[in-house]
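Have the model open in your viewer, with a selection box at hand. We will go from stop to stop, and at each one you will hear what to select and what to look for.

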Amino acid sequence: MKKVRVLLTTFNGEKYLKEQINSLLSQEGVLVDIVVNDDGSTDGTLALLKQSYPQLPVRINTPATGSAANNFLKMLSETDFGDDFQYLAFADQDDVWLPKKLQAATSALEKEKADLYCSNLTKWNMATQQFSLLKKDYRQQQFDYLFEGGSAGCTYVLTKSFAKQLKDFASTLKTAQWEEFSHDWLTYFFARSRNFKVYIDGCSYIHYRLHGHNIHGHLNQLSWATIKSKVSKVLQGYHRKHVENYIQYLDKNTEAHAIYERFLGNYFQRMGVLLQYNTQLMRSKKKFLVFFLLNMCRFRR
């Protein structure tokens with residue numbers, strides 16, 4: 001039976017953590033090996049882990065990494081790839097995984113001969129108790145990884161070989177000053193820019209909680225506050241800041257690097273490259289249109 005190591009990051013997550021861990025332990029068709037890294041919880045998270053799941057290895061980050069993304073990278077850097085597992089998965093503390101999530105992911109990786117799996121997910125609005133699909137399985141485009149990730153990191157499952165190479169790559173990163181660093185975008189960027197195969201599943205095997213305390217989940221809610229927040233981020237140069245970081249890790253002789261250089265240029269260079277490559281830069285045409293219009297309104301470099 002296939003064995004999956006699940007990297008679970010925690011920080012003040014006692015409210016939903018037990019339900020999530022139980023869903024990880026209830027995965028069907030695979031052996032699950034859970035490792036926990038806590039980033040300095042001050043609530044009852046550590047007590048819950050010790051009392052209810054004494055079998056799970058728990059590391060406490062001292063000092064704290066300060067973000068879930070950096071916590072995941074730390075866990076990856078501490079992973080011993082000599083251990084007995086065939087796949088690696090990222091898990092947030094507040095979701096619920098359906099029983100066949102890991103079985104579906106590992107089977108898809110084998111069938112598609114892929115290196116990285118991600119999928120659609122089901123938004124679970126805690127305020128209204130409504131469920132709705134968050135679609136991520138649009139057709140992959142040649143340069144989509146330059147401006148977006150594959151899906152939420154909690155859907156990612158990696159082959160052991162790919163995870164080991166991602167670990168080696170991550171050891172070269174400089175993330176201390178990387179504002180809003182995202183491990184899910186980074187993982188997709190690394191995979192696509194290095195010609196690894198990514199499979200995006202049209203099915204959903206995860207209930208992705210949206211509540212007032214998760215870091216990025218609230219941005220997937222459809223509300224005026226969310227729209228305003230996203231618009232503000234783009235107008236303030238959200239993508240430019242990430243491009244300034246990602247461009248360091250591209251071969252200067254590639255077309256992808258040239259796209260980034262033009263995007264970082266003046267207003268007309270930026271708009272020129274968006275017009276030239278248009279939907280090759282994002283999987284969703286609607287998302288690209290919004291991206292294009294907001295950049296058209298952003299006159300600052």
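Helices here are DSSP runs of H or I with at least four residues, strands are runs of E with at least two, and both are numbered from the N terminus. The model is a predicted one.

**Stop 1: helix α6 and its end**

Select residues 183-193, which form α6. Is this helix enclosed or open? Of its 11 residues, 11 are buried, so α6 is largely enclosed by the rest of the structure. Colour by residue type and you will find aromatic side chains among the buried ones, including Trp-185, Tyr-188, Phe-189 and Phe-190. His-183, Asp-184 and Arg-192 are buried too.

Now step just past the helix to Asn-195, where phi is positive, at about 65°. Asn-195 sits in the loop that leads from α6 to β9 (198-210). Its relative accessibility is 71%, over the 50% cut-off, so Asn-195 counts as exposed.

**Stop 2: the second largest pocket**

Stay with α6 and add α9 (255-263): each of these helices gives at least two residues to the lining of the second largest pocket. The volume of this pocket is about 180 Å³. To centre your view, select Tyr-145, Arg-192, Ser-193, Thr-254 and Ala-256, the closest to the pocket centre among the 13 lining residues. What is the chemical make-up of the lining? Five of its residues are nonpolar, four are polar and four are charged.

**Stop 3: Gln-140**

Next, pick Gln-140, in the loop between β7 (130-134) and β8 (157-159). Gln-140 is partly exposed, because its relative accessibility of 28% falls between the 20% and 50% cut-offs. Beyond its neighbours within four places in sequence, Gln-140 is in contact with Tyr-188 and Arg-192, and also with Val-198, Ile-200 and Arg-283. Draw a distance from the side chain of Gln-140 to the backbone oxygen of Val-198, and you should read 2.8 Å. For a sense of scale, the C-alpha atoms of Gln-140 and Trp-97 are 25 Å apart, with their positions 43 residues apart along the chain.

**Stop 4: two nonpolar cores**

Show Leu-146, Phe-147, Leu-158, Phe-189, Tyr-260 and Leu-274 as spheres: these have the most contacts inside the largest nonpolar core, which has 56 residues. Which element gives the largest share of this core? That is α6, with six residues. A second core, separate from this one, has 33 residues, and Leu-17, Val-36, Leu-48 and Leu-134 are among them.

Zoom in on Leu-274 and show what surrounds it. Apart from residues up to four places away in sequence, Leu-274 touches Phe-263, Leu-281, Phe-288, Phe-291, Phe-292 and Asn-295. Asn-295 belongs to helix α11 (residues 285-297). With 1% relative accessibility, under the 20% cut-off, Asn-295 counts as buried. What does its side chain meet? A polar atom of the Asn-295 side chain lies 2.9 Å from the backbone oxygen of Phe-291.

**Stop 5: Leu-17 and Gln-27**

Move to the second core by selecting Leu-17, in helix α1 (residues 14-25). Leu-17 is buried, at 0% relative accessibility. Around it, leaving out residues up to four places away in sequence, Leu-17 touches Leu-8, Thr-10, Thr-45, Leu-48, Leu-49 and Gln-93.

Follow the chain to Gln-27, in the loop between α1 and β2 (31-38). Is Gln-27 buried or exposed? Its relative accessible area is 8%, so Gln-27 is buried. A polar atom of the Gln-27 side chain lies 3.1 Å from the backbone oxygen of Ser-23. Not counting residues up to four places away in sequence, Gln-27 touches Val-32 and the residues Trp-97, Leu-98, Pro-99, Lys-100, Lys-101 and Leu-102.

**Stop 6: two backbone details**

Select Thr-62 and Pro-63 and check omega: the peptide bond between them is cis, with omega near 0°. Pro-63 is in the loop between β3 (58-60) and α3 (68-78).

Finish at Lys-113, in the loop between α4 (101-112) and β6 (116-125). What is notable in its backbone? Lys-113 is not a glycine, yet its phi is positive, near 50°. Lys-113 counts as exposed, at 69% relative accessibility.

Note on methods. Residues are numbered from 1 along each chain as its sequence is written. This is a predicted model: local features need pLDDT of at least 70, side-chain atom pairs count only at pLDDT 80 or more; totals for chains, interfaces and linings use all residues. Side-chain values use heavy atoms; hydrogens and water are left out. On a 1 Å grid over the protein atoms alone, a cavity is a set of points where a 1.4 Å probe fits but cannot get out, and a pocket is an open set with protein on both sides within 12 Å along at least five of seven lines; lining residues have an atom within 4 Å of a point. Grid points are joined across faces, edges and corners, and a volume is the space filled by probe spheres set on the points. Ala, Val, Leu, Ile, Met, Phe, Trp, Tyr, Cys and Pro count as nonpolar, Asp, Glu, Lys and Arg as charged, and the others, Gly among them, as polar. A nonpolar core is a set of buried Ala, Val, Leu, Ile, Met, Phe, Trp, Tyr and Cys residues joined through side-chain atoms within 4.5 Å. Buried means under 20% relative accessible area, exposed over 50%, partly exposed in between (1.4 Å probe, protein chains only). Contact means heavy atoms within 4.5 Å. A polar contact is a pair of N or O atoms within 3.5 Å; within protein, one must be able to donate a hydrogen and the other to accept it, and residues adjacent in sequence count only if both atoms are side-chain atoms.
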